[in-house]
Amino acid sequence: MKSLRLALPVLLSFATVSCGHQSLMPTIVQTRVAQSFQSEILQASEGMLFPSESDFPFTAFELPLHALPDAETFAAVVGHAGETSQRLDFSAFFARFTHLEPWMDEGQQAFVLDMQNLQKIYEKHSKKLAVYRIGEIQVHIYIVALVGGRVVGLETLSIET
């Protein structure tokens, strides 16, 4: 027990290493929170294909943003400046993909259940959520959250001719 009492101040001093007057701990914690979220959504989306004229998988991304921007700014940040872009309500987007219908086959039902799970994960980790659509025929879809002070999420492609 005596060694623990001696070690605790040393551990605390390492935990509060600072750069100037700001502690590095919030940055490290924020990065870990964002990475944990990213890992969770990647695992949940593994094997999922977004249904469109050609089905595409989901990939994870992280952007150098600390807030959810308007659609035009987001498009520019992801390399699609000048393309048609819109920011959608997160819940409205998921409403299209999270209702089971009697006519659905097993694959469609599995997709609905997977999307319900993704929605829960996003909502568990953040209140600041959005979906961005960029493009007209090849539509890039970004499902984003502000987690740990970072904009992170999943991207997929929808072909809509």
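**Note on Thr 156, helix α5 and the cores**

1. The side chain of Thr 156 comes within 2.9 Å of the backbone oxygen of Pro 57, a polar contact (a pair of N or O atoms within 3.5 Å, where one must be able to donate a hydrogen and the other to accept it; residues adjacent in sequence count only if both atoms are side-chain atoms). A polar atom of the Thr 156 side chain also lies 3.3 Å from the backbone oxygen of Phe 56. Thr 156 is found in strand β9 and counts as buried because its relative accessibility is 4% (buried means under 20% relative accessible area, 1.4 Å probe, protein chains only).

2. This is a predicted model, in which local features need pLDDT of at least 70, side-chain atom pairs count only at pLDDT 80 or more, and totals for chains, interfaces and linings use all residues. Residues are numbered from 1 along each chain as its sequence is written, and side-chain values use heavy atoms, with hydrogens and water left out.

3. Mean pLDDT (the predictor's confidence in each residue, from 0 to 100) is 85 for the protein, with 81% of residues at 70 or more. Over residues 1-26 pLDDT stays under 50.

4. The largest nonpolar core (buried Ala, Val, Leu, Ile, Met, Phe, Trp, Tyr and Cys residues joined through side-chain atoms within 4.5 Å) has 25 residues; Phe 37, Phe 93 and Met 115 are among those with the most contacts inside it. A second, separate core of 15 residues includes Leu 65 and Tyr 132.

5. Asp 105 caps the N-terminal end of α5, with a side-chain oxygen 3.0 Å from the backbone nitrogen of Gly 107. Buried residues of α5 include Met 115 and Gln 119.

Definitions and conventions: Buried < 20%, exposed > 50% of the residue type's maximum accessible area, 1.4 Å probe, protein only. Helix = DSSP H or I, 4+ residues; strand = E, 2+ residues; numbered from the N terminus. Contact = heavy atoms within 4.5 Å.
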